[in-house]
Amino acid sequence: MKGLRMLSLALDRFSDLWGAIVTVLILAMVAFGSYNAVARYVGRFVGLNLSSNVYLELQWYLFSLIFLLGAGWALRRDAHVRVDVLYSAVSKKAQRRINLIGTFLLLIPFSVFVLWTSIQYVQNSFAAREMSPDPGGLPRYPLKAVIPLCFILLLLQGVSEAIKLFSTEEVEPRSKAEAAE
């Protein structure tokens, strides 16, 4: 079991590395967004076009990268979206079981499925050297190559979470009598 915990720790550190990369991408996206806003305003004031579709698309691409590359890190930090209908009303043990079932029945199979189906999608995009349809737009195929990477990162963090869920399983007493012992 210690080997699995070490693997989980290594996968968590790997996710944290991607989290740091995403942080830099967020700063870059904010910088490009700020530049776009200022350039449009100043451009109108001085009568020059200081912005372009490239800057707008770059901002959009950075947002996409943040979402795709940050998914595994968000899972690690429990910062993902959770539908909290019953989850908060159940015990910690039941929450762990829900997370474990969700990891094995939803997260891992879905990640494997998208990883498997996205390969051909990315290959087709690279073969066509897919470009943005907007004038002066950026190539789309490098961005699409991040889709399989996203699900590899998500799958790896899902494995780490499953290891942690198995290793921290606490046995809750079945009755008040067992709790008193």
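**Entry 1. Helices and the loop with R129**

I count as helices the DSSP runs of H or I with at least four residues, numbered from the N terminus. The structure I examined is a predicted model. With the helices so labelled, I placed R129 in the loop between α3 and α4. R129 has a positive phi of about 45 degrees although it is not a glycine, and this residue comes just after α3. I then asked whether R129 is buried, exposed or partly exposed. Its relative accessibility is 48%, so R129 counts as partly exposed.

I looked up P139 next, which is found in the loop between α3 and α4. P139 is partly exposed because its relative accessibility is 28%. Setting aside neighbours within four places in sequence, I found P139 in contact with Y61, E130 and M131. I also took the C-alpha to C-alpha distance from P139 to F126, which is 9.6 Å for a separation of 13 residues in sequence.

**Entry 2. Helix α3**

I compared the length of α3 with its expected span. At 1.5 Å a residue, the 36 residues of α3 should span 52 Å, and the end C-alpha atoms are 49 Å apart, so the two agree. I nevertheless noted a kink of about 45 degrees in α3, centred on T103.

**Entry 3. Helix α2**

I turned to α2, which runs over 53-76. Its 24 residues reach 35 Å from the first C-alpha to the last, close to the 34 Å expected. Where does α2 bend? I located the bend at G70, where it is about 50 degrees.

I listed the buried residues of α2, among them E57, Y61, L65, L68, L69, G72 and L75. G70, the site of the bend, is also buried. The cover over the buried residues of α2 includes α1, α3, α4 and α5.

After α2 comes D78, whose phi is positive. I placed D78 in the loop between α2 and α3. The phi of D78 is about 55 degrees, although D78 is not a glycine.

**Entry 4. The largest pocket**

I recorded a volume of about 880 Å³ for the largest pocket. Of the 29 residues that line this pocket, the closest to its centre are L75, H80, V81, R82 and L107. L75 is one of the buried residues of α2.

Which helix gives the most to the lining of the largest pocket? That helix is α3, with eight residues. I noted that α2, α3 and α5 each supply at least two residues of the lining. Sorted by class, the pocket lining has 17 nonpolar, six polar and six charged residues.

**Entry 5. The largest cavity**

I then searched for enclosed space. Rolling a probe the size of a water molecule over the atoms shows where empty space is left. How many cavities of 30 Å³ or more does the whole structure hold? The search finds one. The largest cavity holds about 40 Å³ of space.

I listed its lining as L11, F14, S15, W18, G72, W73, L153, L156 and Q157. α1 gives the most to this lining, with four residues, and α1, α2 and α5 each supply at least two. G72, which lines the cavity, is among the buried residues of α2. By class, I entered six nonpolar and three polar residues for the cavity lining, with no charged ones.

Key: Residues are numbered from 1 along each chain as its sequence is written. This is a predicted model: local features need pLDDT of at least 70, side-chain atom pairs count only at pLDDT 80 or more; totals for chains, interfaces and linings use all residues. Side-chain values use heavy atoms; hydrogens and water are left out. On a 1 Å grid over the protein atoms alone, a cavity is a set of points where a 1.4 Å probe fits but cannot get out, and a pocket is an open set with protein on both sides within 12 Å along at least five of seven lines; lining residues have an atom within 4 Å of a point. Grid points are joined across faces, edges and corners, and a volume is the space filled by probe spheres set on the points. Ala, Val, Leu, Ile, Met, Phe, Trp, Tyr, Cys and Pro count as nonpolar, Asp, Glu, Lys and Arg as charged, and the others, Gly among them, as polar. The expected span of a helix is 1.5 Å times one less than its number of residues. The bend at a residue is the angle between axes fitted to the seven residues ending there and the seven starting there. Buried means under 20% relative accessible area, exposed over 50%, partly exposed in between (1.4 Å probe, protein chains only). Contact means heavy atoms within 4.5 Å.
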